[in-house]
Amino acid sequence: MSQEMQTYMFLIAGSAVIVLSYVFDLLAKMIRIPSVLMILSMGVACSFAAAHWSLKLPVPAAMLPILGTLGLILIVLEGSLDLRLSRDQLPVIRRSLASAFFVLLLTSFLIAWILMVLLEVPFLTALVNAVPLGVVSSAIAVPSVVNLNREKKDFIIYESTFSDILGIMFFNFVAFSADFSTGSLVRLGADIVVISVIALVSCLLLMFFLEKSTHHVKFMLVLAVLVISYSLGKLYHLSTLLLIFVIGLFVNNTDVFIRGRFQRWFNTSKLNIEIDMLKSVTAELAFFVRTFFFLIFGLSIHLTTLADPSVILVGILILGSILLVRYAYLRTLISGRIMPELFIAPRGLITILLFYSIPAHHRIVSFSSGILFFVIVASTILMSVALMATRSKELTEELLQETG
């Protein structure tokens, strides 16, 4: 095949993937199956077909961390740009933050104990490998709850986003700290304070730039600066995902933060137009990056790993731990129904990113990517079933009310 033919075939294939992902997105809203699960399945199916017909697919595995990092930044920014702050929201924010914190800790320690017993590894190594599996994936959860009522939707968006942020902080703490002394906790607290101050200053500068800049290209520059800030922070193991979250929250709530003398510095009507455009650009880019991340991850999975009984056993125990801790916590937190929140605990992009970031001296040879794949797919399927069951019950109740 000529170079020209390869170029056009690559462009056709890439564009077809985008079109299919768009179709999956439309289907997801109707059948309550997350589009990322369909994309992941498409990648696995392509990998299986290629192996069956002895074809060699160019799977750029090195692109996974790059796409994953970009996707994480964009998805957290997209989620925070959808949140509105008000006094009515404070109870939801408190509940979701507490849920993300305690569920992450309890789940990580329980999974670590399982890995320590079954795989016979030191507890610290087990904990480093467990933390990625303790994090709820906002990349899957946020797009999947668009049809829930506002209270449940906000709870899931806040909880999954907080889980991503706290998960990265906790992972950096256990994976890269030399010890668990008081000094390491003080350093962690100092990092959070520094990031929070930087975030507030960055928000004001960002608002000023969006309003005053007359250049026709501005949003890509904003996103590029955010990526640089996040990456530099990660090099020093800082929690810069918190920076992204605070900026998104600030941008979407300028009426709350920009008051008094600050209002003289900004034209709020023009600022709102720019913010709407930023939301649109962020959503488009998040869709693009998420599509190819999960496609490549699906292509890199070998289904033969699922034939190993130990993979299934460990995967089921991990999944059971996730649901057990979540049920116990939500039952004490929420007095009413805990459906579908109980099963909206998918593992995905952040789990994969942290798993591939585990330092070499903490890697467990017997902990295969098959376990990771099993937990991601199984948790996403359970979430889909719960969402479909909830929707079915809502439709039945609406029908009864209309006929009653």
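**Figure 1. Contacts of T291 in the predicted model.** Leaving aside residues up to four places away in sequence, T291 touches V17, I18, S21 and I39. The structure shown is a predicted model. T291 itself sits in helix α12, which covers residues 268–300.

**Figure 2. Burial of T291 and its link to F287.** The relative accessibility of T291 is 1%. Buried means under 20% relative accessible area, so T291 counts as buried. A polar atom of the T291 side chain lies 2.8 Å from the backbone oxygen of F287. The view thus brings together the F287 oxygen and the contacts of T291 with V17, I18, S21 and I39.

**Figure 3. Helix α10, residues 241–251.** This helix is mostly covered, with ten of its eleven residues buried. The buried residues at the start of the helix include L241, L242, L243, I244 and F245. Also buried in α10 are I247, G248, L249, F250 and V251.

**Figure 4. The protein as a setting for the close-ups.** The protein has 15 helices and zero strands; helices α10 and α12 appear in the views above. Of its 404 residues, 48% count as buried. Taking contacts between residues at least 6 apart in sequence, 81% join residues at least 24 apart. The accessible surface of the protein comes to about 19700 Å², and carbon and sulfur atoms account for 70% of that surface.

Technical notes:
Residues are numbered from 1 along each chain as its sequence is written. This is a predicted model: local features need pLDDT of at least 70, side-chain atom pairs count only at pLDDT 80 or more; totals for chains, interfaces and linings use all residues. Side-chain values use heavy atoms; hydrogens and water are left out. Helices (H or I, at least four residues) and strands (E, at least two) are DSSP runs, numbered from the N terminus. Buried means under 20% relative accessible area, exposed over 50%, partly exposed in between (1.4 Å probe, protein chains only). A polar contact is a pair of N or O atoms within 3.5 Å; within protein, one must be able to donate a hydrogen and the other to accept it, and residues adjacent in sequence count only if both atoms are side-chain atoms. Contact means heavy atoms within 4.5 Å. Accessible areas come from the Shrake-Rupley method with a 1.4 Å probe; for residues, only the protein chains shown count as cover.
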